[in-house]
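Me: Please take one part of this predicted model and examine it closely. I would like a connected account that a first-year student can follow.

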Amino acid sequence: MVDLNLKPGAVAFVNGAAVMLTPEGQLKVSAGAQVLTSEDLLSSAAEADSPTKKIYFVLQSMLLDPEHNDVYRKELSDLLCDRSEATELPPVLRSLAVMQNLVEHGEIQSAMEVCRRLIEVDKAIVEAYPANR
């Protein structure tokens, strides 16, 4: 078992199932379980306000709603292709390829971690090179 220290009242998702935390803010989860905390979640598609966040939202949907992965895989493929065509930056292209490979091997949560890092890269680029310069 793995101990997670989370804020009381927060929700975590284990293999797509929502689990309420104890008043002490702890949840015991079997080692190796796929876990998302509220800090990891985009609460709606509207919150996915960039191409990379849209990829993240689809990955999140794949993890939380595995019954519809065929639909999500097609959407993910389209989003990854669009994002690849929109950049020439090798680290971004490599990250997109890594995400695709991870998904193909069923490692959705690992793909989400790569995507979270790419969201931070995107944010740094936008801050360094604002569109209205």
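Reply:
**Methionine 62 and helix H1**

Leaving aside residues up to four places away in sequence, methionine 62 touches Asn69, Tyr72, Arg73, Leu76, Val103 and Ile108. Methionine 62 is one of the buried residues of helix H1, a helix that runs over residues 51-64.

Helix H1 has 14 residues, and the span from its first C-alpha to its last is 20 Å, close to the 20 Å expected at 1.5 Å a residue. Ten of these 14 residues are buried, so H1 is largely enclosed by the rest of the structure. Besides Met62, the buried residues include Thr52, Ile55, Tyr56, Phe57, Val58 and Leu59. Gln60, Ser61 and Leu63 are buried as well. The cover over the buried residues of H1 includes strand S5 (35-37) together with three helices: H2 (69-85), H3 (90-104) and H4 (108-128).

The helix also takes part in a wider assembly of side chains. The largest nonpolar core has 28 residues, and those that touch the most other members are Ile55, Leu59, Met62, Leu76, Leu96, Met99 and Met112. At least two residues of this core come from each of H1, H2, H3 and H4. In soluble globular proteins, nonpolar side chains tend to be buried together. Met62 and Leu76, both among the core residues with the most contacts to other members, also touch each other.

A final remark concerns the cysteines. The structure holds zero disulfides. Cysteine 115 counts as buried because its relative accessibility is 0%, whereas cysteine 81, at 38%, counts as partly exposed.

Definitions and conventions. Residues numbered from 1 in each chain as written. Predicted model: local features only at pLDDT ≥ 70, side-chain atom pairs only at ≥ 80, totals over all residues. Heavy atoms only, no water. Helix = DSSP H or I, 4+ residues; strand = E, 2+ residues; numbered from the N terminus. Expected span 1.5 Å × (residues − 1). Buried < 20%, exposed > 50% of the residue type's maximum accessible area, 1.4 Å probe, protein only. Contact = heavy atoms within 4.5 Å. Disulfide = S-S within 2.5 Å. Core = buried A, V, L, I, M, F, W, Y, C linked by side-chain atoms within 4.5 Å.
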